[in-house]
Amino acid sequence: MTKEKVSRVALIGTGFVGSSYAFALMNQGIVDELIMIDLNKEKAMGDVMDLNHGKVFAPDPSNILFGKYEDCADVDLVVICAGANQKPGETRLDLVDKNLKIFKTIVENVMASGFDGIFLVATNPVDILTYATSHYSGLPKERVIGSGTILDTARFRFLLGDYFKVAPKNVHAYIIGEHGDSELPVYSSADVGGIPVLKMIERQEHYKKEDLDEIFINVRDAAYKIIEGKGATYYGIAMGLVRITKAILHNENSVLTVSAHLDGQYGEKHVYMGVPAIINRSGIREIVELELNEEEQQKFQHSAYVLKDILAPHFEELKL
């Protein structure tokens, strides 16, 4: 008799993002088992109890448990939401030193359990910490994924949809590069219902290029406004993490803008950045290379430089 395949996820860090991810995951019924791990055991246990009380209302209830690093041995996916939070006035890159130390401990503890699955990193600065997770774990690069620009891309599509009065799902456009201040919009390949965005601007005079510039600024600076308003961002990124989780566990081969390791794509190497990638049960099956125009390519190279400059002092292999 064949043993039934059970999908298991371990969540490390049950703060705002982690608990929102767990809540969204349960409501979509994507996993069979969710193990919640946090240094603050009382908080994690409280979340487990609270979520279990809502099981009766869930579409396909998950088995939700409090756990320890040892429990990561046979999980399919470890999602890391732990780390220091971004404070008002602080950029994502300001968090580097604090979170690299935290991540070294987390990843080493997970790997000591015998874990051999996929890492999904959400903590900021996500591109830096995804690189660190890859370095500390030694896992194949395609099995270490960051949330990258999945949320920036969602914000972008939402605002473009609002501007053109079209459902966001019918907008195909990407934000790529660093999940942060050096990210960039790829307008050269953006379309609404198959019509290039730049063509729509040309054809109808009430649409303006200046409006597109403002839309991007609102995307790039959205987190700062949300943090100023309520202290942290968590619902949007939690739903983005659930989307990546579903693509992995359901072997979807979906194209999502995640932080992926570049090995020559877009002319860059030895860096994790937000790019469209095909996601399935093996992790990142393939990176999708968009055809960037000259300006976009220059901005992407600048974004890579920003990240490499931050990484270099911390990782021997990147020092010149």
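**Exercise 1. In this predicted model, find which residues of α9 are buried.**

Solution. Start by locating the helix: α9 covers residues 235-249, 15 residues in total. Next, check its span: the first and last C-alpha lie 21 Å apart, close to the 21 Å expected at 1.5 Å a residue. Now go through the accessibilities: Ile237, Ala238, Gly240, Leu241, Val242, Ile244, Thr245, Ala247, Ile248 and Leu249 are buried. Finally, look just past the end of α9, where asparagine 251 takes a positive phi of about 50°.

**Exercise 2. Work out which element gives the most residues to the largest nonpolar core, and follow tyrosine 21 to its contacts.**

Solution. The largest nonpolar core has 86 residues, and those touching the most other members are Tyr21, Leu34, Val78, Val79, Phe119, Leu241 and Phe300. The biggest contribution comes from α9, with 8 residues. Now take tyrosine 21 and set aside neighbours within four places in sequence: its contacts include Ala238, Leu241, Val242 and Thr245, and these four residues are among the buried ones of α9. Tyrosine 21 also contacts Val9, Leu11, Leu77 and Val79. Another core, of 18 residues, lies apart from this one; Ala190, Tyr207, Leu212 and Phe216 are among its members.

**Exercise 3. Describe how α5 and α7 pack: how do their axes cross, and which residues meet?**

Solution. Begin with the axes of α5 (residues 150-164) and α7 (residues 209-220): they come within 9 Å and cross at roughly 145°. The crossing is right-handed. From α5, Asp152, Arg155, Phe156, Leu159, Leu160, Tyr163 and Phe164 take part, meeting Asp211, Leu212, Ile215, Asn218 and Val219 of α7. Sorting the residues of this contact by type gives 8 nonpolar, 1 polar and 3 charged.

**Exercise 4. Compare the settings of tyrosine 266 and histidine 270: is each buried or partly exposed?**

Solution. First, a reminder: most residues other than glycine have a negative phi. Tyrosine 266 nonetheless has a positive phi of about 55°, and histidine 270 also has a positive phi of about 55°. Next, place them: tyrosine 266 sits in the loop between β12 and β13, while histidine 270 belongs to strand β13. Then apply the cut-off of 20% for burial: tyrosine 266 counts as buried because its relative accessibility is 3%. Histidine 270, at 44%, counts as partly exposed.

**Exercise 5. Find which residues a cis peptide bond joins.**

Solution. The bond lies between asparagine 124 and proline 125, with omega about -5°. Proline 125 is in the loop between β5 (118-121) and α4 (126-137).

How values were computed:
Residues are numbered from 1 along each chain as its sequence is written. This is a predicted model: local features need pLDDT of at least 70, side-chain atom pairs count only at pLDDT 80 or more; totals for chains, interfaces and linings use all residues. Side-chain values use heavy atoms; hydrogens and water are left out. Helices (H or I, at least four residues) and strands (E, at least two) are DSSP runs, numbered from the N terminus. The expected span of a helix is 1.5 Å times one less than its number of residues. Buried means under 20% relative accessible area, exposed over 50%, partly exposed in between (1.4 Å probe, protein chains only). A nonpolar core is a set of buried Ala, Val, Leu, Ile, Met, Phe, Trp, Tyr and Cys residues joined through side-chain atoms within 4.5 Å. Contact means heavy atoms within 4.5 Å. Axes are lines fitted to C-alpha atoms, for helices over the stretch in contact, and angles run from 0 to 180 degrees between N-to-C directions. A crossing is left-handed if the near helix is turned anticlockwise from the far one by less than a right angle, and right-handed if clockwise. Ala, Val, Leu, Ile, Met, Phe, Trp, Tyr, Cys and Pro count as nonpolar, Asp, Glu, Lys and Arg as charged, and the others, Gly among them, as polar.
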